[in-house]
Amino acid sequence: MRGFALKSFGEEGSVMELPDPVPQEGQVLVRIKAAGVNVFDPWVVLGAMKDAMEHRFPLVPGVEASGVVEDLGSGVSGLAKGDEVYGVSVKPFLGEGTFAELATFAPDGLSAKPASVDHLEAAGLPHTGLTALTAMDEIEPRDGQVVLVVGATGGVGSSFTQLAAAAGARMIAVASAERADYARELGASETIDYAKGDLLELVRSSQPDGVDALVDLYSDGPALARLSAVVRPGGKVLSASGAADPEMLAQRGLRGGNINRAGPERLPELTRLVDQKQLQPPAVQAFPLERAGEALKQMQSRHIRGKLVISME
């Protein structure tokens with residue numbers, strides 16, 4: 001098979017001919033049609049996770065994809081060859097990722113692909129959509145609630161902004177001027193252009209009474225701590241990048257912390273939301289497999305509109 005891989009950390013990587021994976025007992029082999037690119041992926045290829053998880057070389061990055069079931073290992077039920085699926089890799093190591101024509105998955109990492117979208121759109125949903133569901137669980141948005149979202153037009157933000165707005169919350173999106181229209185399409189009532197000055201002061205000017213919740217999908221620890229000053233006492237602060245300090249928040253009378261994606265058992269919930277037109281997949285920028293390195297570099301900048309996706313077709 002063809003796959004984008006690197007032989008050592010820090011390489012730019014390239015498309016290589018790799019052995020076709022063979023599904024072992026309890027595994028599903030999927031012919032990948034498209035693979036999502038996530039913030040996690042550039043750090044994997046740079047070696048930032050080398051002390052936290054086992055890595056196998058040649059290292060193929062990628063943790064989410066959409067495709068078609070190619071083969072089944074023994075003991076797998078509920079799936080059949082030819083099924084259109086999407087999902088996330090739940091392997092305890094890195095290197096056998098989704099930036100390739102074939103990849104193996106645990107059955108519980110897969111679900112039926114939403115029938116109303118194509119593989120490119122579906123590939124950008126699993127990781128970020130599941131993370132958005134976690135944010136929804138923690139924030140519990142409701143009518144009249146004011147929610148500030150930093151990174152509203154990225155992968156997680158695109159889904160969370162839609163879902164929270166549909167639940168009745170008034171969404172304030174921090175986004176560049178060029179992405180303000182997209183933020184409003186997602187359901188934001190107001191946008192704040194972070195390039196126009198100090199973000200804390202811009203938010204205070206826009207929301208003099210403060211906000212009920214802050215969902216920050218971008219900032220580091222110091223920036224998040226500073227921005228949390230706009231959250232009213234008793235409000236919630238969430239970070240998807242590990243930047244929140246729960247003890248500091250508690251000292252300020254705030255609740256919250258750091259979030260990860262929900263478990264893949266909630267993929268059918270995502271499928272229903274999409275097929276029932278309650279959630280539109282993030283806007284997609286597609287790259288051919290040969291340009292996967294370019295997509296990783298762009299993702300590293302973290303200034304992304306919607307999702308970057310690697311197309312195998």
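What follows runs through the fold, the nonpolar cores and a few backbone oddities of a predicted model.

Starting with the overall picture, the protein chain is built from ten helices and 17 strands. Its radius of gyration is 20 Å, close to the 20 Å that the globule rule gives for 313 residues, so the chain is as compact as a globular protein of that length. Laid along its principal axes, the C-alpha trace covers about 60 × 40 × 35 Å. Some 54% of the 313 residues count as buried. As for how the chain packs against itself, take the contacts between residues at least 6 apart in sequence: 67% of these join residues at least 24 apart.

On the outside, the accessible surface adds up to about 13300 Å², and carbon and sulfur atoms account for 48% of that. The charge tally is 29 positive and 41 negative side chains, with the centres of the two sets sitting 3 Å apart.

Now for the inside. In soluble globular proteins, nonpolar side chains tend to be buried together. Here the largest nonpolar core holds 38 residues, and the ones touching the most other members are Ile32, Val37, Phe99 and Ile310. Several elements chip in two or more residues each, among them strand S1 (2–5), helix H1 (40–46), strand S5 (64–72), helix H10 (292–301) and strand S17 (307–311). Strand S3 (28–37) is on that list too, and S3 supplies the largest share, six residues. A second core of 33 residues lies apart from this one, with Leu125, Leu163, Ala183 and Ala213 among its members.

Ile32 deserves a closer look. Setting aside neighbours within four places in sequence, Ile32 is in contact with a run of residues that includes Ala65, Ser66 and Gly67, as well as Thr98, Ala100, Glu101, Leu102, Ala103 and Phe105. Met312 is also one of the contacts of Ile32.

The backbone has a few quirks. Phe57 and Pro58 are joined by a cis peptide bond, with omega at about -5°, and Pro58 is part of strand S4. Two residues other than glycine come with positive phi. One is Glu140, with phi near 50°; Glu140 sits in the loop between helix H3 (126–139) and strand S10 (146–150). Glu140 has 51% relative accessibility and therefore counts as exposed. The other is Arg302, where phi is about 65°. Arg302 is found in the loop between H10 and S17, and its relative accessible area of 28% makes it partly exposed.

Notes. Residues numbered from 1 in each chain as written. Predicted model: local features only at pLDDT ≥ 70, side-chain atom pairs only at ≥ 80, totals over all residues. Heavy atoms only, no water. Helix = DSSP H or I, 4+ residues; strand = E, 2+ residues; numbered from the N terminus. Rg over C-alpha atoms; globule rule 2.2 N^0.38 Å. Buried < 20%, exposed > 50% of the residue type's maximum accessible area, 1.4 Å probe, protein only. Contact = heavy atoms within 4.5 Å. Areas by Shrake-Rupley, 256 points an atom, 1.4 Å probe, with all protein chains shown as cover. Lys, Arg positive; Asp, Glu negative; His and termini not counted. Charge placed at Lys NZ, Arg CZ, Asp CG, Glu CD. Core = buried A, V, L, I, M, F, W, Y, C linked by side-chain atoms within 4.5 Å.
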